[in-house]
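These are my notebook entries on one protein model. I looked up its helices, its strands and the way they are arranged.

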Amino acid sequence: MRALRGGSSRYSIFALARNALSYHENWQKAWRSPEPKPEYDVIIVGGGGHGLATAYYLASVHGIKNIAVVEKGWVGGGNTGRNTTIIRSNYLWDESAGIYEHALKLWEGMSQELNFNVMFSQRGVLTLAHSEHELKEMRRRVEAIRLNGIDSEVMSPAQIKQLVPIIDTNPGIRYPVMGGFIQRRGGTARHDAVAWGYARAADDLGVDIIQNCEVTGILRDGGKVTGIETSRGTIKAKKVGVVTAGHSGVVASMAGLNLPIDSRPLQALVSEPIKPCIDTVVMS
């Protein structure tokens, strides 16, 4: 079991009972709010789930401890602030399937590793087909997924109705449910809980999480990055990682890099698993 730095307490049923006596007013802060040090081995720009996970694995797996995560706002307040995310590895292409299957396995043990409830619920991910063409493509995808050793099943309208009774499988409706496919190991998690869990675990390993610290420039010596300019002063670094989602191109341009990436806004509706209407996650 990993020891926690700085006397941080582990979350457990015993800790809940103990803190209930003080009306839960004496919990230690989940992570520190340190002043930036003059220099770090690695600076990660972006305090969302990916940035914090990068810092955590650099510290826990690769033994790099002199790390700072610099966030313009607050942890979990950016793209990670969306409440729910779908977790799955049912991808057609071999490369995508491999990456996401590795990620799904990380999710399955994440709450235990981080000692923080990321609200990962493996209720399954069901994708519906509303035409014969979609159904044929789903069958093709399922066979490809299964060739990669990943669980996936084709479902008939009757099987879907049994699993999710509220779904109308009447063939006479405007968009009839022709069938679908399900990955039962898939599910949902909370974006912000993931960020908080990684922040707490990274802090336990000595990572400085510096919030309300906007990056205004990237320092260079010739073609080498040597640090960052921020709203809280200059911070030197041997390596700088940019993990800022849709703002990655903006930050990279401060170092003279033109990333071949275009950002596009995405709007999506993801339902919470509300019983008894929805006992699984449904995507159409």
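Are H3 and H6 roughly parallel, roughly perpendicular or oblique to each other? I noted first that this is a predicted model. I looked up the axes of H3 and H6, which come within 10 Å and cross at roughly 45°. Angles under 35 degrees count as roughly parallel and 65 to 115 as roughly perpendicular, and H3 and H6 are therefore oblique to each other. I recorded the crossing of H3 and H6 as left-handed.

**Entry: helix H2 against H6**

I then took helix H2 (residues 49-60) and helix H6 (residues 191-204), whose axes come within 9 Å and cross at roughly 30°. With that angle, H2 counts as roughly parallel to H6. The crossing of H2 and H6 is left-handed.

**Entry: helix H3 by itself**

I checked the length of helix H3 (residues 94-114) against its residue count. At 1.5 Å a residue, its 21 residues should span 30 Å, and the end C-alpha atoms are 29 Å apart, which agrees. I also found a bend of about 45° in H3, placed at Glu108. Next I listed the buried residues of H3: Ala97, Glu101, Leu104, Trp107, Met110, Ser111 and Leu114. Just after H3, I noted that Asn115 has a positive phi of about 55°.

**Entry: the sheet of 6 strands**

I traced an open sheet of 6 strands, with mixed pairing and the order E8-E2-E1-E11-E10-E9. Which strands stand at its edges? They are strand E8 (208-210) and strand E9 (215-221); each has a single partner strand, so one side of each is left without a neighbour in the sheet. Neighbouring strands of this sheet are turned by 40° against each other on average, with direction ignored.

I went through several of the pairings in turn.

- Strand E1 (residues 39-45) pairs with strand E11 (residues 233-242) in the parallel sense, over 6 bridges. Tyr40 stands opposite Ala237 in E11.
- Strand E10 (residues 224-230) runs antiparallel to E11, and 4 bridges join them. Ile228 has Ile235 in E11 as its bridge partner.
- E9 and E10 pair in the antiparallel sense over 6 bridges. Opposite Leu219 stands Gly227 in E10.

**Entry: the hairpin and Arg232**

I looked at the connection from E10 to E11, which is a hairpin through 2 residues. Arg232 has its place in the loop between E10 and E11. Is Arg232 buried, partly exposed or exposed? Its relative accessibility is 32%. Buried means under 20% and exposed over 50%, so Arg232 counts as partly exposed. I also looked up its separation from Cys213: the two are 19 residues apart in sequence and 6.0 Å apart in space, C-alpha to C-alpha.

**Entry: strand E4**

I ended with strand E4 (residues 125-129), which is mostly covered, with 5 of its 5 residues buried. In a regular strand, the side chains alternate between the two faces of the sheet. I therefore examined the sides of E4 separately and found both faces covered. On one side Val125, Thr127 and Ala129 are buried, and on the other Leu126 and Leu128 are buried. How many bridges join E4 to strand E6 (residues 179-183)? I recorded 5 bridges, with the two strands paired in the antiparallel sense. In E6, Ile182 is the bridge partner of Leu126.

Terms used. Residues are numbered from 1 along each chain as its sequence is written. This is a predicted model: local features need pLDDT of at least 70, side-chain atom pairs count only at pLDDT 80 or more; totals for chains, interfaces and linings use all residues. Side-chain values use heavy atoms; hydrogens and water are left out. The expected span of a helix is 1.5 Å times one less than its number of residues. The bend at a residue is the angle between axes fitted to the seven residues ending there and the seven starting there. Buried means under 20% relative accessible area, exposed over 50%, partly exposed in between (1.4 Å probe, protein chains only). Two strands pair if DSSP finds at least two bridges between them. Axes are lines fitted to C-alpha atoms, for helices over the stretch in contact, and angles run from 0 to 180 degrees between N-to-C directions. Angles under 35 degrees count as roughly parallel, over 145 as roughly antiparallel, 65 to 115 as roughly perpendicular and the rest as oblique. A crossing is left-handed if the near helix is turned anticlockwise from the far one by less than a right angle, and right-handed if clockwise.
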